[in-house]
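Q: I'd like a close look at just one thing here: the cavities and pockets. Please walk me through them in plain language.

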Amino acid sequence: MKKAGLLIVCVSVAFSLLLGIAIAKETVVVYTSLETEETVDYLKLAKKELPDLDIQAIRLSTGELGARMLAEKDNPQADCIWGWAVTNMSEFIPKGMLVKYKPKGWDKIPAHFKEPNGYWVAIDLYAAALVPNTKVLQSKNLPMPKGWNDLLNPVYKDMLIMPNPASSGTGFLQVASLLVMLDPDYKNKPVEKNKAWDFLKKLDKNMGQYIKSGSKPAKLTAAGEYAIGCSFAFVYSSLKKKGFPVALVLPEEGAGYELEANALLKGAKHEKAAKKFLDWAISKSAMNQYAKFKLGVTYPNIQGPKDLPALKTIKLAPMDFPWQSKNRAKILEVWQNLFLR
């Protein structure tokens with residue numbers, strides 16, 4: 001009886017160990033700058049379709065994510081990046097902090113949405129937008145703007161809010177798009193000589209606050225604290241669904257935009273799991289989920305949200321991602337010297 005009892009115990013322990021192995025999950029640590037609301041939605045699908053992964057996603061603003069990566073360069077705490085601005089991502093290739101990896105489905109993504117060697121692949125596009133509070137405009141008898149130039153009107157003094165480009169990807173794309181749009185000779189002169197700085201100085205006279213988040217300008221405007229938030233299109237969509245009195249204005253001069261991309265980090269502690277996640281992150285299933293929030297995704301023939309304008313109908317600003325990435329540090333230095341207060 002004792003031997004039989006011992007055998008049952010041993011079998012039970014062995015079965016438990018085997019069961020533990022069977023249900024054990026691989027950890028993957030993911031840094032992202034995707035907005036919290038959309039990240040929560042995407043992760044529900046990711047966890048359903050990747051049941052063998054324990055996905056630990058840490059959301060940081062664009063600038064904070066880069067700063068953390070640099071601080072952890074010699075001992076990376078994340079395995080991969082998911083949805084980070086390409087102008088930021090590109091800076092980390094020459095720093096040797098990214099690893100070439102072409103996820104499953106790479107060939108389906110058009111060439112202009114991926115780094116040819118495999119350092120990054122973009123998943124979506126988001127565009128800068130002005131988000132006015134219609135009740136505030138009405139109560140203060142303020143005109144509805146059509147674009148950037150209208151914001152110079154003195155009636156908007158202290159009624160505008162904009163992201164700080166040093167911490168916000170949205171803020172950076174807004175400034176970077178103006179540098180390209182307003183000075184056709186931008187490539188042939190020092191950044192500090194760009195004509196757009198004169199425009200931004202005039203705009204600064206009406207600016208109530210610069211804030212580190214790209215979504216906060218729209219959210220604070222929706223709450224009635226400002227008349228117009230310089231933000232991006234998805235935030236408008238989210239606020240409108242919640243019943244806030246907001247409108248969407250895509251600047252008539254051209255809407256600046258940014259690509260959000262994924263990459264594998266050098267020194268990833270869970271590289272195998274990270275590759276599984278990155279494979280999923282450019283799948284058609286994931287792209288359909290992104291398209292619920294984004295103006296456009298990089299997987300062909302997937303339409304964006306019904307409550308936002310179709311991408312083909314929007315006048316996009318002439319972005320120059322290589323120039324903007326190369327000159328990012330200088331652009332931020334000039335901006336901070338002029339406007340940080």
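A: Let's go through the cavities, then the pockets.

Before we start, this is a predicted model, in which local features need pLDDT of at least 70 and side-chain atom pairs count only at pLDDT 80 or more, while totals for chains, interfaces and linings use all residues. Residues are numbered from 1 along each chain as its sequence is written, and side-chain values use heavy atoms, with hydrogens and water left out.

How do you find a gap in a protein? Rolling a probe the size of a water molecule over the atoms shows where empty space is left. On a 1 Å grid over the protein atoms alone, a cavity is a set of points where a 1.4 Å probe fits but cannot get out; a pocket is an open set with protein on both sides within 12 Å along at least five of seven lines; and lining residues have an atom within 4 Å of a point.

Searching the whole structure turns up two cavities of 30 Å³ or more (points are joined across faces, edges and corners, and a volume is the space filled by probe spheres set on them). The largest cavity has a volume of about 40 Å³. Have a look for Val99, Tyr101 and Pro103, which are among the residues lining the largest cavity, along with Gly118, Tyr119, Trp120 and Val121. Asn262, Ala263, Leu264 and Leu278 are also part of that lining. Strand β9, residues 257–265, gives the most to the lining, with three residues (helices are DSSP runs of H or I, at least four residues, and strands runs of E, at least two, numbered from the N terminus). By class, you get nine nonpolar residues, two polar and no charged (Ala, Val, Leu, Ile, Met, Phe, Trp, Tyr, Cys and Pro count as nonpolar, Asp, Glu, Lys and Arg as charged, the others, Gly among them, as polar).

Now the second largest cavity, with a volume of about 30 Å³. Its lining is made of Met162, Leu200, Leu203, Asp204, Met207, Tyr210, Trp335 and Phe339. Three elements, α7 (196–204), β7 (207–211) and α13 (328–339), each supply at least two of the lining residues, and α7 gives the most, with three. Seven of the lining residues are nonpolar, none is polar and one is charged.

Trp335 from this lining also leads us to Asn164. Leaving aside its neighbours within four places in sequence, Asn164 is in contact (heavy atoms within 4.5 Å) with Trp335, as well as Ile211, Lys212 and Leu340. You'll find Asn164 in the loop between β6 (160–163) and α6 (169–181). Keep α6 in mind for later.

On to the pockets. The largest pocket has a volume of about 340 Å³. It is lined by 19 residues, and Leu295, Gly296, Val297, Ile302 and Leu311 are the closest to its centre. Sorted by class, its lining has 13 nonpolar, five polar and one charged residues.

The second largest pocket has a volume of about 250 Å³. A set of 24 residues lines it, with Ser33, Glu35, Arg59, Ser61 and Gly214 nearest its centre. Here α6 turns up again: the elements giving two or more residues to this lining are α3 (62–71), β3 (80–85) and α6. Strand β3 gives the most, with three residues. What classes make up the lining of the second largest pocket? Its residues divide into six nonpolar, ten polar and eight charged.
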